[in-house]
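Hi,

Here is the structure I promised to pass on. Have a look at it first, and then read my notes below.

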Amino acid sequence: MDERTVKRAVWASAMGNATEWYDYGVFTSGAIAASIGTLFFPGEGNAVLKSLALLAVGFIVRPFGGAFFGPLGDKIGRKRVLAITILLMSGCTFLVGVLPTYAGGYSMGIAAPIAILLLRIIQGFSTGGEYGGAATFIAEYSPTKRRGFFGSFLELGTLAGYVLGNLVVLSVTLSLSPEQVDAWGWRIPFFVALPLGLIGLYLRNKLEDTPEFRRMEAAGEAPKKAPLKEIFVRNWRMILNLIGIVLLLNVADYLLLTTMPTYFTDTLKINDNTSTLIIIAVEVIQMAIIIPLGALSDRIGRKPLLLTAAIGFLVLSWPALKLMQSGSIFWLFVGFLVVALLLVLMLAVIGSTFPAMFPTRVRYGSFAIGYNVSTSLFGGTCGVIVTALIKSTGNEDWPAYYLMAAALIAIIPIIKIPETSQVPMEQIDTEDNTGKLASAAAQR
């Protein structure tokens, strides 16, 4: 496989992740979240919390999307399914921007909250099939000894999409008055999602399906129907390990990227634009180091980075939060940077770690189901839960407690999974491959 083709596959996959997280970046920014909560769900109650609850609804259907698109990707190919998911994701985000609101000159009453709820459900369903397929696509295209390097570009797409979302929102809020933002300016960031999705669709359609999938088809090993039963019967242990690791990954990911913006503004009373600038600056630092960390995992393995992150979250989450609560913008930045650096240790290796936990025949489906069950239960809900716990108890330390509990759980499956950094994807072909993979890695 020539490197140019691999790079094209990497960028085609990363564009989907960028589109997904662009949506989160826009939807969770303080100004846009407040506008959505007020314009679509009028009445008493915290507007930002209403918006976060709407975001969480999309996560409820993600496991169903994973269970539908994942096994389908194992049957008909990664490329075809990924073309569908990126179009649905970007299209739903775009349509939020054109929806009439509950009241006002361009309105449709009670149909407005119903419509935006349906769009978030469709978006969540399609997202359920995106990440597992995109990571599988990169992993199956990448050469064994550089899988960590190329896999880290997937999460570079996450960070880039989120930064772009925040930058677009920041541009809108700096250019318009609050009244203009509420009247029509909030729509602008949602329009950008459609061209992002179309670019990703174009890139994906220019490629063949992955070498691993084509090899499986040529050998007559591709499943005749979506292998949902096979996924659970033969791979349930590894799926449980995946759920445990993703629990920490997504609690940290969604807490930092989708909950902390509102925590800064609502709890710590930081100005919206100042909060956005802090988050963008920290994410740019993450983007600068994620690729070198992915390359490092090709030399020392994935598990050392995952364990360092988990232990770091367990030990440093509370001190880091206390720095954020100090009242100083500088120390808030330092505290946020500490947990962000721990997160990037995980982000750098998950694109190469998770696909290698499952055999080719059921890789997409097993990954998509395990990842999205964990994301739905623990990631997408953490913003609503943490915000509600802070408001009900008056204790502002809940973000740290949540992270520490997730880290404690994740350490166990991180220890249990095999190290696959030097194992070719075609060797991952048994239902219980831990011993075989460890042996293969030791011989290389």
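Leaving out residues up to four places away in sequence, which residues does Ser297 touch? With that exclusion, Ser297 is in contact with Gly148, Arg302, Leu305, Val349 and Ser421. Before I go on, please keep in mind that this is a predicted model.

Ser297 itself belongs to helix H13, which covers residues 272-300. Its relative accessibility is 0%, and under 20% counts as buried, so Ser297 is a buried residue. The side chain of Ser297 also has a polar atom 2.6 Å from the backbone oxygen of Gly294.

While we are on H13, look at how it packs with helix H15 (residues 329-353). The two axes come within 8 Å and cross at roughly 35°, and the crossing is right-handed. Sorted by class, the residues in this contact are 21 nonpolar and four polar, with no charged ones.

A second helix pair worth opening is H1 (residues 3-28) with H10 (residues 193-205). Here the axes are 8 Å apart and the angle is about 160°. An angle over 145 degrees counts as roughly antiparallel, so that is the label for H1 and H10. Their crossing is left-handed. If you want to select the residues, take Trp11, Ala12, Ser13, Met15, Gly16, Thr19 and Tyr22 from H1, which meet Ala193, Leu196, Gly197, Ile199, Gly200, Leu203 and Arg204 from H10. The residues of this contact split into eight nonpolar, five polar and one charged.

Next, Thr173, which you will find in helix H7 (residues 147-175). Not counting residues up to four places away in sequence, Thr173 touches Ala31, Val181 and Asn273. With Asn273 there is a polar contact between the two side chains, at 3.1 Å. A polar atom of the Thr173 side chain also lies 3.0 Å from the backbone oxygen of Leu170. As for Pro399, it is 226 residues away from Thr173 along the chain, and the C-alpha atoms of the two are separated by 27 Å.

Then there is helix H12 and what lies on either side of it. The loop between helix H11 (211-218) and helix H12 (228-267) holds Ala219. Is Ala219 buried, partly exposed or exposed? Ala219 is partly exposed, at a relative accessible area of 46%. Its C-alpha atom is 28 Å from that of Leu242, and the two residues are 23 apart along the chain.

Inside H12, try Glu230. Glu230 has a relative accessibility of 18%, and it counts as buried because the cut-off is under 20%. Its contacts, again without residues up to four places away in sequence, are Asn235, Arg361 and Val362.

In the loop between H12 and H13 sits Lys269. Lys269 is exposed, with a relative accessible area of 64%. What stands out about its backbone is the phi angle: near 60°, a positive value in a residue other than glycine. For background, most residues other than glycine have a negative phi.

If you only have a few minutes, I would begin with the H1 and H10 pair, roughly antiparallel and left-handed in its crossing, and then turn to Ser297 in H13.

Cheers

Conventions: Residues numbered from 1 in each chain as written. Predicted model: local features only at pLDDT ≥ 70, side-chain atom pairs only at ≥ 80, totals over all residues. Heavy atoms only, no water. Axes fitted to C-alpha atoms, helices over the stretch in contact; angles between N-to-C directions. Helix = DSSP H or I, 4+ residues; strand = E, 2+ residues; numbered from the N terminus. Parallel < 35°, antiparallel > 145°, perpendicular 65-115°, else oblique. Left-handed = near helix turned anticlockwise from the far one by under 90°. Contact = heavy atoms within 4.5 Å. Nonpolar A, V, L, I, M, F, W, Y, C, P; charged D, E, K, R; others polar. Polar contact = N/O pair within 3.5 Å; in protein donor to acceptor, adjacent residues only side chain to side chain. Buried < 20%, exposed > 50% of the residue type's maximum accessible area, 1.4 Å probe, protein only.
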